Amino acid sequence: MHGRPRKPLKPVDEAAVAAKAEKLRALQSEFLSNHQNKIYSKEAVELSAKLLEINPELYTAWNYRKLAVQQNLAQCESDPESVNSILDEELKVVENALRQNFKSYGAWHHRKWVLEKGHSSMDKELGLLDKFQAMDARNFHAWNYRRFVAALMKRSDEDELEHTQNMIDKNLSNYSAWHNRSVLLSNLMKKAAPGFTSKDEVLTREYELVREALFTDEDDQSGWFYHLWLLDQTVRSEFPLLVSSWPVEGSDISLPAADYLDGCASMNVFHYSSRNFPLVLYFNQSVRGVNSSTVSVSCGFNLNIDLIWKPLSSTDSQSAKVWATHLAIPDAELHSSEAYQVEVKVGFSQGIVSTTGVAYSHPSQISFQLHLQKTPLESGQDSRFGRIQWKDDCFAVYEPGSAEPDLVNLLDNLTIKNEVESTASTWQARIIDDETNIFRDLLDCKIGKLTVARLLTAYNSLRPLDKPVHCKEVLELYSELMKLDPSHYQYYKDNHSLVLLQQVTSSKESLLSRCFHYRDSTLSTNGSPLCLRLNNLAISQLGSFEKLLWVQMLDLSNNELQSIEGLEALQLLSQLCLSNNKFRSFTALESLRYLKSLKVLDISQNEIGSHSIDTTRYLFRSPLSHSVGSCDWNINYLSSETYWEAFFVLKDMGLTQLDVAGNAITSKSFNVFLEKLLPTLKWLDGVEVN
Amino acid sequence: MSELPQYPPIDPTTFDLIVIGTGLPESVIAAAASTSGKTVLHLDPHPFYGSHFASLSIPEFNSFLNSNSAPPASQSCPETACPSDDPNLSIINLNCRSLYSDLEISSFSPTLLEECSRKFLLDLAGPRVLFCADKAIDLMLKSEASQYVEFKSIDASFIGDGDGALLAVPDSRAAIFKDKSLSLIQKNQLMRFLKLVEGHLRATAASVGTDVNQSEKGEERETASRISVEDLESPFVDFLTKMKLPAKIKSIVLYAIAMADRDQENKEISKQVLKTKDGVDRLALYQSSIGRFANASGPFIYPIYGQGELPQAFCRRAAVKGCIYVSSVEINPNLEFQSSGNYKGVKLASGQELFSNKLLLDPAFTKSSPTSSPDDSLCARFDFLTAQNVKSKVVKGICITKSSLKPDVPNLLVLYPPQSLYPEQSTTVRVLQIGGNSAICPMGMFVIYLSASCEDVAEGKKLLNRAMSALLSFPDCSESSSIASEENVSHPVGAEEGKPTLLWSALYAQELQTTGQSDCITSSPTPDGDLDYNSVFHATLELFQTMYPDTDLFPATNPSDEHSGENAES
């Protein structure tokens with residue numbers, strides 16, 4: 001059934017085909033008239049059976065039969081023998097239809113319907129299934145139906161697991177069998193059935209099994225998927241944990257005093273131009289239930305209202321990995337020169353749960369200090385920042401120890417230390433270590449390289465606090481894979497990018513080496529913002545956001561990015577350069593909508609508008625694909641409907657500077673549109689806006 | 001000789017072809033010749049079909065081997081060498097020589113076997129199986145002889161060691177996956193090698209199958225996967241070494257999949273070194289045999305009722321096509337020649353003269369001492385009929401047990417590669433166990449066939465004995481007679497745990513002889529030392545082609561007939 005070349009259809013006698021079609025048509029119209037007139041006579045029902053035998057896809061006929069069965073059953077309710085004969089007949093019709101086409105949804109469904117009436121012996125059903133699976137062991141309809149029958153007859157998961165083992169023994173290229181195995185094992189482990197109580201032991205057994213398959217036939221992909229599932233089971237933390245936060249524990253944050261808030265000036269690296277000071281919580285997995293009752297914030301000043309925590313997710317309004325809120329700094333009560341202690345307590349009261357239903361049970365506390373600083377107001381605030389230019393000569397290497405000791409401290413404490421995690425991961429580390437050693441023997445082939453790369457990456461993910469190891473090896477493996485298997489280049493490239501970012505963000509030293517002072521003629525060194533430059537890294541995907549929550553100015557230019565998914569976690573971001581990447585549409589930039597502090601954006605030299613089909617919409621789930629009509633679409637001030645994506649992403653942003661040149665979408669009318677859409681805009685493509 | 005012939009004189013007396021002996025080659029040629037419209041007379045001195053390929057009951061087996069392994073004394077009675085009535089005819093006397101020697105039969109349970117001795121069908125030419133993709137199968141389908149035979153699948157094959165351990169041969173992807181004895185790396189190496197061979201075969205098939213223009217594109221892609229010509233001509237064992245296969249895998253590939261007979265590693269001793277191209281062909285045969293028939297679990301099948309069914313099936317086919325059969329005929333044939341030296345016919349012991357254009361002889365027939373021959377040059381031409389001093393022999397063993405070598409696996413194959421039993425072992429020992437479900441012995445009993453090629457019978461027997469003691473437990477010799485009466489044979493007392501107890505065994509040696517031919521007279525080959533029928537059929541087809549160069553072998557009949565043949569097979 002699989003791996004057979006398609007044979008061209010034999011030339012057939014047209015007259016015979018026409019005659020056949022004519023016959024089918026006649027049958028069909030006769031049937032439909034029976035259906036309409038609710039005729040359920042023996043002859044009429046037989047006619048439908050005849051029709052279904054020729055064309056099992058005719059679901060109307062299946063429904064008609066259901067109606068007929070219901071009526072006939074109603075007539076002979078008391079007589080179990082005739083009930084049986086009626087239902088037997090249905091099973092026979094289904095079987096004949098399946099013989100014609102065993103992938104007919106209607107037929108399988110009808111069988112389920114009959115079975116739900118409590119008829120037919122289940123053993124007979126399993127016998128039938130064995131026949132179908134002997135014909136095609138991977139027929140997913142049969143597998144689906146098998147799960148249904150097994151559930152109906154309450155066949156134990158252990159027996160079904162045994163069945164998958166037998167199927168795999170016969171032919172290890174059976175994705176359906178491996179998949180069913182993963183489903184059954186998940187159930188058994190969840191139930192903690194005897195022999196399945198220790199996740200460690202179960203997974204070790206399964207690794208052994210799939211290892212045999214992978215070593216026997218390294219080209220068989222069904223095993224790869226299963227191995228990937230096992231790896232995920234091993235690494236995935238069951239418990240939701242807080243990974244990082246903004247601000248970080250123990251940091252000192254300086255804010256300009258109320259008088260100068262609008263002034264946006266600060267001697268400190270971290271300065272905020274708004275009265276809304278962001279708090280960000282970054283979890284290890286998607287959670288829900290983050291709100292003012294599960295997260296308590298206490299500070300030296302009064303919070304008049306409950307904080308509203310928002311999930312930073314474009315796909316789910318209930319749960320997210322990253323949650324943010326904004327602390328409103330009251331104008332009147334604060335005194336400069338006072339330090340205010342802020343404490344954020346997460347999970348001291350119940351309510352935060354992972355999407356799989358596990359409660360957050362490791363309360364953590366983050367304390368930091370807020371300082372208010374008075375700085376003299378500089379003159380001409382509008383032009384003070386001038387136009388940000390992302391040129392190399394505008395950046396000077398950051399010298400630690402100069403003005404901002406707190407940055408160094410901060411980079412030391414980017415991640416939250418969860419003791420639970422480091423103790424629980426011993427068996428996982430052992431499994432992955434063993435597995436890595438074994439797969440090193442297979443390094444001369446594609447799956448060997450990929451598996452070792454995955455295992456080493458997984459090993460690092462188990463110990464987030466430690467410096468990642470083997471990064472260089474993993475990067476080399478992915479580079480080799482890109483050459484070896486060009487058809488999956490992008491996949492390897494993406495993983496390569498993630499590891500590279502992990503490496504870059506792994507240590508204070510490495511991060512500092514990518515920190516630069518931005519200065520141009522108008523700024524003194526002291527007041528210059530700090531920029532993290534991750535440009536020219538050839539990365540195609542972003543990651544390690546948990547280590548970047550502090551970043552205000554980010555240069556991602558000259559990479560191969562197609563999406564900035566995840567960047568929404570960087571709530572402090574005010575200047576962002578994405579020029580010279582591979583963005584194909586504004587939908588790829590949807591995360592920008594969550595970056596309320598963003599003022600300066602450079603998306604020049606990309607591919608926006610040059611691809612008529614927006615593949616981002618298939619790659620990344622987005623409400624944009626569905627909620628076109630929900631925005632307040634003001635057709636009046638738009639010159640063209642073609643810019644609706646740009647409208648959707650950019651509409652509420654307070655951008656002062658935007659560069660879009662070098663994209664296919666740019667045109668005079670687009671610029672006009674942008675100027676209307678963004679009233680705060682001062683610079684567009686380097687030209688001052690009137 | 002004074003006896004009256006049992007049969008009335010054969011009529012007619014002139015044929016296109018006379019075949020003496022109903023061994024497999026003779027039967028195939030009789031069927032092929034009849035099918036192509038020749039008149040054929042097929043004679044056999046024995047009361048059963050199959051000659052050296054027959055399956056016999058224990059008494060038949062005993063008497064056949066005993067009579068045949070006796071020195072040919074009485075057969076060459078001088079009185080039959082009487083000169084012909086016709087002075088124009090010259091005569092050469094033929095003897096029935098024995099192919100067998102060194103017969104040793106031991107019975108450890110006389111009473112038990114006495115009861116059912118006739119329920120056995122012991123193969124003279126065992127151990128032998130058919131590959132599902134064997135030429136023999138194709139020929140059977142083509143000739144429609146297949147409709148007379150049914151097959152049982154050989155359930156499993158194993159590699160054995162001197163300690164009696166049996167390891168399943170990892171011969172397919174599923175078997176490699178399930179194998180418990182190979183390490184992960186070995187699994188990977190073996191599977192990669194099998195894929196390499198598969199890729200080579202596919203590439204070769206593709207370039208043969210398509211014309212030059214079409215294949216050009218594909219060829220570029222496929223040449224990479226082909227094994228180089230240089231490698232194909234090199235010894236297979238060297239190629240395996242070049243592919244960095246470890247010794248264990250090499251041994252599996254050479255002796256359990258490619259079925260090499262002699263030690264391939266020791267090229268000085270071994271005369272038959274398998275070339276890579278032949279090795280690859282054997283792997284191809286093995287692989288294409290797996291899954292050819294839906295109800296065969298592995299690559300091998302075995303005919304129900306024994307090997308003797310195969311020649312019999314061809315004989316039945318020949319009979320349908322008009323071949324005349326006379327069996328149990330006392331043949332002490334004298335070849336008759338015209339004065340010109342041309343073969344004319346044979347004279348039976350009964351005195352009847354039968355004439356034919358061509359004659360095909362059972363390999364056991366040899367020319368007697370040339371005393372009565374009037375013409376030395378005539379004799380010289382038929383030197384091939386002189387009993388050759390055959391060096392090459394195969395030692396065979398047959399054992400009967402009441403339990404299987406592997407529980408729940410009635411039909412199985414065991415291979416002992418060279419050096420697996422002891423360091424000096426230079427040839428593969430092949431062991432085939434067939435159970436009662438193949439109708440060759442009572443249910444619950446098992447017949448185990450063994451064979452090994454050898455130059456020296458004693459050495460060969462030593463090898464078989466070693467294999468037997470690895471697999472079986474021998475009843476205590478001093479008590480051998482009493483054990484039978486105690487009726488506890490089925491429970492191997494004091495035997496090593498699990499090993500079946502030997503009830504009966506026969507050891508014998510058979511000569512290996514190839515075909516011989518001169519003008520109109522052909523001598524067919526003896527059963528060879530192989531496990532399968534490939535070489536036997538190959539030699540037979542060549543024989544037929546030289547006998548009848550312009551005749552098609554079993555020309556295709558109309559499609560519907562062929563279809564019915566396929567059905568019978570599957």
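**Chain B, contacts and fold**

I started with the sequence range of contacts in chain B of this predicted model. Among contacts between residues at least 6 apart in sequence, 75% join residues at least 24 apart. I then looked up the secondary structure of chain B and found 17 helices and 23 strands. Chain B has 570 residues, and 55% of them count as buried.

**B:L502**

I picked B:L502 in chain B and asked which element holds it. B:L502 belongs to strand β21, residues 502-511. Is B:L502 buried or exposed? Its relative accessibility is 0%, so I noted B:L502 as buried. I listed its contacts, leaving aside neighbours within four places in sequence. B:L502 touches B:F108, then B:C399, B:I400 and B:T401. It also touches B:M468, B:L472, B:S473, B:F474 and B:P475. I also took one C-alpha to C-alpha distance, from B:L502 to B:S469, and got 9.6 Å. These two residues are 33 apart in sequence.

**Aromatic rings**

I counted aromatic pairs over all chains and got 31. I took B:F131 and B:F300 as one case; their ring centres are 5.0 Å apart. The planes meet at 45°, so I logged the pair as tilted. Which strands hold the two rings? B:F131 is in β7 (residues 130-131) and B:F300 is in β11 (residues 300-303), both of chain B. The pair therefore ties together parts that are 169 residues apart in sequence. I checked burial for each ring. B:F131 is buried at 2% relative accessibility, and B:F300 is buried at 1%. I also noted one aromatic cluster in chain B, formed by B:F48, B:F61, B:F64, B:Y100, B:W504 and B:Y508.

**Chain A, contacts and fold**

I repeated the overview for chain A. Its secondary structure comes to 22 helices and 18 strands. Chain A has 690 residues, of which 50% are buried. For contacts in chain A with a separation of 6 or more, residues 24 or more positions apart account for 68%.

**A:S604**

I looked for A:S604 and found it in the loop between β15 (600-602) and α20 (616-619) of chain A. The relative accessibility of A:S604 is 11%, so this loop residue counts as buried. Beyond its neighbours within four places in sequence, A:S604 is in contact with A:L578, A:S579 and A:N580, among others. Its remaining contacts are A:D659, A:V660, A:A661 and A:N663.

**Salt bridges**

I counted 40 salt bridges over all chains. I went through several in chain A.

- A:E46 pairs with A:K42, with the closest N and O atoms 3.5 Å apart. They are four residues apart in helix α2 (residues 42-54), so about one helical turn separates them. A:E46 is partly exposed at 44%, while A:K42 is exposed at 61%.
- A:R99 pairs with A:E95, with the closest N and O atoms 2.9 Å apart. Both lie in helix α4 (residues 80-100), four residues apart, about one turn of the helix. I noted A:R99 as exposed at 54% and A:E95 as buried at 16%.
- A:K449 pairs with A:E480, again with a closest N and O distance of 2.9 Å. A:K449 is in helix α16 (residues 446-462) and A:E480 in helix α17 (residues 471-484), so this pair ties together parts 31 residues apart in sequence. A:K449 is buried at 12%, and A:E480 is partly exposed at 32%.

I also found a network of salt bridges that links A:D130, A:R146, A:R155 and A:E160.

**Interface of chain A and chain B**

Last, I turned to where the chains meet. How many residues does each chain bring to the contact? Chain A gives 21 and chain B gives 13. The buried area is about 1,400 Å², and carbon and sulfur atoms give 53% of it. Which three residues of chain A supply more of its buried area than any other three? They are A:D169, A:F215 and A:T216, with 40% of the area that chain A buries against chain B.

I counted six salt bridges between the two chains. One I looked at joins B:R192 to A:D444, with the closest N and O atoms 2.7 Å apart. I found 10 residue pairs in polar contact across the interface.

On the side of chain A that touches chain B, α8 (157-170) and α10 (199-216) are the elements that give two or more residues. The largest share, six residues, comes from α10(A). By type, I sorted the residues of this side into eight nonpolar, three polar and 10 charged.

Conventions
Residues numbered from 1 in each chain as written. Chains lettered and ligands numbered in written order. Predicted model: local features only at pLDDT ≥ 70, side-chain atom pairs only at ≥ 80, totals over all residues. Heavy atoms only, no water. Contact = heavy atoms within 4.5 Å. Buried area = accessible area lost by both parts, 1.4 Å probe. Salt bridge = Lys/Arg side-chain N within 4 Å of Asp/Glu carboxyl O. Polar contact = N/O pair within 3.5 Å; in protein donor to acceptor, adjacent residues only side chain to side chain. Nonpolar A, V, L, I, M, F, W, Y, C, P; charged D, E, K, R; others polar. Phe/Tyr/Trp six-rings, centres within 6.5 Å; stacked < 30°, edge-to-face > 60°. Buried < 20%, exposed > 50% of the residue type's maximum accessible area, 1.4 Å probe, protein only.
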